[in-house]
Amino acid sequence: MAIAISQEAFDAMVRENMEDLGMDADEALADAVEALTLQGADLSGIIKRVPGEAAAAEVSPVVRVLDELKASHSASGGSGQDLDGLVPLIDELRGLCCSGEGSENAAIAVRNGGVEALVALCGSARVAQERLLVSALKALSSVLRDVGSTEKFRQSEGPKIVMDILRGGSESSDLLYAGFSVVAAGSAGNEVVKESFMDLKVDELILHVMREKSKTNVQSLYDAIRVLLTPDDNRVVASQVYGYSRRFAEIGMAEVLVSALREQVAPSSLPSACAALKSIAVNDEICRSISENGGIDVLLQCIDEAGQQKNKVIARSCCSLLSKLAASDANKSAIIQRGGFDRLLKLTSRFSEDPSIIQEVMSMVTVLTLRSPENAARAMEVGYGTLAIQALQRFPSSGQTQKQACLMIRNLVVRNPENRTILLNDGAEKLIRKAKVMHGGCKDAASSALRDLGLDNYNA
């Protein structure tokens, strides 16, 4: 765990290097940074400066803006009109945290009370002050980047304040977008913040907003669902997000998301909506309910359209979600009955030079053919054996594509010995052995493919 250090302690170390060890300014600064880094100190947000009169004149622009913001907020006493005058300062802070040096500037803002100041500002503003709140929420989402910042957000009662704003401003798309951006940023990597939002019934609020047709294009809402349902806090051994996913499903979120995919989601938001639905599909029952509500039909249609429009981002997102749904045996049959094999193969022909799409389709076919000799036979008939060989030939440098081709070959042959001869005659052995040598991450999948092809020396 990184050692915490204050700005004052850092400045004192630089000063000591200069006064006691006789280093010049640049050498003293570089030595302090190096020594503290080796000691495991957390230097994020530390302004790397040489203390003294010259440095005093070079105040960090982030610190300057924050000082002005805090002073103005304090002087306003919460007056609505005076608070509105803070918008240019807030926007300047956000610009600094979203610039080329955004990561470092955001860390400086967090270290100097930026999270607390912005949360306090949001708490003292009225919902009617939409411009101010949108600006403050956007700035807040730009500084919430790690556990340190999200913990300060939680300790400042940020989740409750943001939920109050969202409940009161649900008629404003701009306010919803900015508010749910904070939900997503604040919950990322922090299990306790996720729990806080769930305790505040964020799932019910999201469902309410989703049911308002004019609001379903709020992309940050989909991002918030995905982040809330992702187990990404490495401090936690057993995450609660599986239970949260079930809660979302139980109140009808999956059905509402399927409806949104069918009718309302803008193309730019569709990948986020797919990721949100994928995060809810955590068990067989939920996967089947998504299919029963038309989810598979919608996704196959989206895949067809993405292929026609050459939109690989949407194609990849839809394939990834469809693979998740195909984990249910009932859904495997539904996908194949709706021409899934042919439609996915057609997609690969439209993206024949894009390994990421080929990889997603092969992953889908791997799922569809798992423990199903009938599906494996059908896949070979329509051309997936050829696709595997072509992927191995065309994308030798893509380790993930090579691995996925090996995994698909396994499922095509493990219960279908008649397919082994076909693939071996097409040169599968040589290509798989080459992939095994070139990519360490492909070793196990390649060995298993060679074994299931009936080759004795599969470990060689």
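Helices here are DSSP runs of at least four residues, numbered from the N terminus. All views show a predicted model.

**View 1. Glutamine 404 in helix H27.** Helix H27 covers residues 399-413, and glutamine 404 is one of its residues. Buried means a relative accessible area under 20%. Glutamine 404 has 9% and is therefore classed as buried. Beyond the neighbours within four places in sequence, glutamine 404 is in contact with Gln359, Met362, Ser363 and Thr366.

**View 2. Helix H20 and its buried residues.** H20 runs over residues 295-309, 15 residues in total. From its first C-alpha to its last, the helix reaches 21 Å, close to the 21 Å expected at 1.5 Å a residue. The buried residues of H20 are Gly295, Ile296, Val298, Leu299, Leu300, Cys302, Ile303, Asp304, Ala306 and Gly307. An α-helix has 3.6 residues a turn, so residues three or four places apart point the same way. After H20 comes lysine 310, with a positive phi near 55°.

**View 3. Helices packed against H20.** The buried residues of H20 pack against six named helices on either side in sequence. Those that precede H20 in the numbering are helix H17 (253-263), helix H18 (270-280) and helix H19 (284-292). The buried residues also pack against helix H21 (312-325), helix H22 (329-337) and helix H23 (340-350).

**View 4. The span annotated in UniProt as "repeat: ARM".** An unreviewed UniProt entry lists residues 294-340 under this name. In the model, the span is 83% helix and 0% strand. The C-alpha atoms at the two ends of residues 294-340 lie 14 Å apart.

**View 5. The largest pocket.** The volume of this pocket is about 570 Å³. Its lining is made up of 21 residues, and those closest to the centre are Asp42, Ser44, Asp146, Gly148 and Ser149. Two or more lining residues come from each of helix H7 (102-111) and helix H10 (147-155). By class, the lining of the largest pocket has 10 nonpolar, four polar and seven charged residues.

**View 6. The second largest pocket, lined in part by H20.** This pocket has a volume of about 200 Å³. Of the 13 residues that line the second largest pocket, Leu261, Val265, Leu270, Cys302 and Glu305 lie nearest its centre. H17 and H20 each supply at least two residues of the lining. H20 gives the most, with six residues. Cys302, listed among the residues nearest the centre, is also one of the buried residues of H20. The lining of the second largest pocket divides into nine nonpolar, two polar and two charged residues.

**View 7. The largest cavity.** One cavity of 30 Å³ or more is found in a search of the whole structure. The largest cavity holds about 30 Å³ of space. Its lining consists of Leu69, Lys70, His73, Leu86, Ala117 and Leu121. Helix H4 (61-76) and helix H8 (114-124) each supply at least two of the lining residues. The largest share, three residues, comes from H4. By class, the lining of the largest cavity has four nonpolar residues, one polar and one charged.

Terms used. Residues are numbered from 1 along each chain as its sequence is written. This is a predicted model: local features need pLDDT of at least 70, side-chain atom pairs count only at pLDDT 80 or more; totals for chains, interfaces and linings use all residues. Side-chain values use heavy atoms; hydrogens and water are left out. The expected span of a helix is 1.5 Å times one less than its number of residues. Buried means under 20% relative accessible area, exposed over 50%, partly exposed in between (1.4 Å probe, protein chains only). Contact means heavy atoms within 4.5 Å. UniProt positions are given in the numbering used here, feature names are shortened, and annotations may be inferred rather than shown by experiment. On a 1 Å grid over the protein atoms alone, a cavity is a set of points where a 1.4 Å probe fits but cannot get out, and a pocket is an open set with protein on both sides within 12 Å along at least five of seven lines; lining residues have an atom within 4 Å of a point. Grid points are joined across faces, edges and corners, and a volume is the space filled by probe spheres set on the points. Ala, Val, Leu, Ile, Met, Phe, Trp, Tyr, Cys and Pro count as nonpolar, Asp, Glu, Lys and Arg as charged, and the others, Gly among them, as polar.
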